[in-house]
Amino acid sequence: GRAPRFHRKFTQLPDGSGAPSNSIRVMQWNILAQALGEGLDSFVQCPPEALSWSRRKYLILEEILTYRPHILCLQEVDHYYDTLQPVLAGLGYSSNFCPKPWSPCLDVDGNNGPDGCALFYDESRFEFLDSVNLQLSAMRIPTNQVAVVTMLRCRSSGRCVCVAVTHLKARSGWEWLRSAQGSDLLRHLQTLVQKHAHDSAGAQTLDIPLLICGDFNAIPTEEVYRRFAASPLGLDSAYKRLSEDGSTEPEYTTWKIRPTGECCSTLDYIWYSRDTLRVDAVLDMPTEEQIGPNRLPSFSYPSDHLSLVCDFSFKEKE
Ligand code: NDP
Ligand code: CA
């Protein structure tokens, strides 16, 4: 039953600060809700034993502890109160959780409650300033998708950072809804950084760096992706830096086989403020061979989505 873990390496970027001790490590990961994995997802090539919570919880924690991110953004969390919050609190993480208002997990027999987004941060590295849970709207109508936005202050540098985690509407046919939800999130972020810029004397809006992690359920050609890339907030997608030309997203962040066929696509992103943050390093993706013929999840890896991990540092002020 125990398969080897993926061996992934960090690619150090040439413009990195060269001072990894100052880096902020960020992890984005859709961990696969336990109720959805066992109940609704139909991962036909994954042995049912690989989907048991008793196995998956150790693989999930092992993945997190392998990289020890300072900021951890998770989607599809349906074991927050009984597992992730208490275990990670014991390791020095504080957190905020926002359940989906009508989580599909609740339709599964024996579910452990609604799934939602969770944002964890290393308390020794960051001071808590503020956090809001958002229900994303589309044309002013509240939807079933949420976000957690947390304002933090780096204890060593004194710099603020605004971190958001979200999980947009899944499936094809809903591109317009993802676009509206993304725009709503961008609007909220603009308002929040403006408010905090006013609170901290003299700071400009664009001085508060943003980190937006999410399962956008959108490939890079979708409208919501283009809206983020073109936003006046000055955002860029960190994983593009892994490519040869520095401007191409990875080939996949999720790879699974359902009865309807194989799905290998890029849906997950770490957006960052390009004027105030620098990407120092990016964790590479496992190869097709490492992932294996039955794809994900598997005995080696507990989710159908891969974790994204990047090291950032604050750019010096001009
Ligand atoms: P989404 O469509 O956003 O998807 C919910 C989950 O299903 C995601 O975690 C997604 O994973 C996963 N998923 C995506 N594609 C598939 C697939 N082909 N097969 C199985 N799972 C898949 O859900 P919503 O939040 O919009 O909620 C939809 C469900 O919630 C409804 O089916 C209903 O059960 C319930 N609901 C009920 C309401 C009511 O009034 N009764 C109102 C709203 C919701 P990933 O993101 O990784 O792709
Ligand atoms: Ca899912």
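**Figure 1. Asp215 and its polar partner in ligand 1.** In this predicted model, look for the polar side-chain atom of Asp215 that lies 3.2 Å from an oxygen atom of ligand 1. Taken on its own, ligand 1 has 920 Å² of accessible area, and the protein covers 71% of it.

**Figure 2. His167 and Asn144 beside ligand 1.** Two further side chains are worth zooming in on here. For His167, a polar side-chain atom sits 2.6 Å from an oxygen atom of ligand 1. For Asn144, an N or O atom in the side chain is 2.7 Å from an oxygen atom of ligand 1.

**Figure 3. The shell around ligand 1.** Pull back a little to take in the 19 residues that surround ligand 1. The closest of these are Glu76, Lys100, Asp107, His167 and Lys169. Sorted by character, the shell around ligand 1 holds eight charged residues, six polar ones and five nonpolar ones. The space that ligand 1 takes up is the largest pocket.

**Figure 4. Glu76 and the calcium ion.** Here the calcium ion, ligand 2, is coordinated by OE atoms of Glu76, at 2.2 to 3.1 Å. Glu76 itself belongs to strand E3, which spans residues 71-77. You have already met Glu76 in the previous view, where it is listed among the closest residues to ligand 1.

**Figure 5. The cis peptide bond at Pro297.** Most peptide bonds are trans. Leu296 and Pro297, however, are joined by a cis peptide bond, with omega at about -10°. To find the spot, follow the loop between helix H6 (288-291) and strand E15 (308-314), where Pro297 lies.

**Figure 6. The backbone at Asn217.** A negative phi is what most residues other than glycine have. Asn217 is not a glycine, yet its phi is positive, at about 50°. You will find Asn217 in the loop that runs between strand E9 (210-215) and helix H5 (223-229). Strand E9 ends at residue 215, and Asp215 is the residue with a polar side-chain atom 3.2 Å from an oxygen atom of ligand 1.

Methods
Residues are numbered from 1 along each chain as its sequence is written. Chains are lettered from A and ligands numbered from 1 in the order in which they are written. This is a predicted model: local features need pLDDT of at least 70, side-chain atom pairs count only at pLDDT 80 or more; totals for chains, interfaces and linings use all residues. Side-chain values use heavy atoms; hydrogens and water are left out. A residue is near a molecule or strand if one of its heavy atoms lies within 4 Å of it. A polar contact is a pair of N or O atoms within 3.5 Å; within protein, one must be able to donate a hydrogen and the other to accept it, and residues adjacent in sequence count only if both atoms are side-chain atoms. Accessible areas come from the Shrake-Rupley method with a 1.4 Å probe; for residues, only the protein chains shown count as cover. On a 1 Å grid over the protein atoms alone, a cavity is a set of points where a 1.4 Å probe fits but cannot get out, and a pocket is an open set with protein on both sides within 12 Å along at least five of seven lines; lining residues have an atom within 4 Å of a point. A molecule sits in a cavity or pocket if more than half of its atoms lie within 2 Å of its grid points. Ala, Val, Leu, Ile, Met, Phe, Trp, Tyr, Cys and Pro count as nonpolar, Asp, Glu, Lys and Arg as charged, and the others, Gly among them, as polar. Donors are N, O and S atoms within 2.8 Å of the metal (3.2 Å for Na, K and Ca); water is not among the atoms, so sites may look incomplete. Helices (H or I, at least four residues) and strands (E, at least two) are DSSP runs, numbered from the N terminus.
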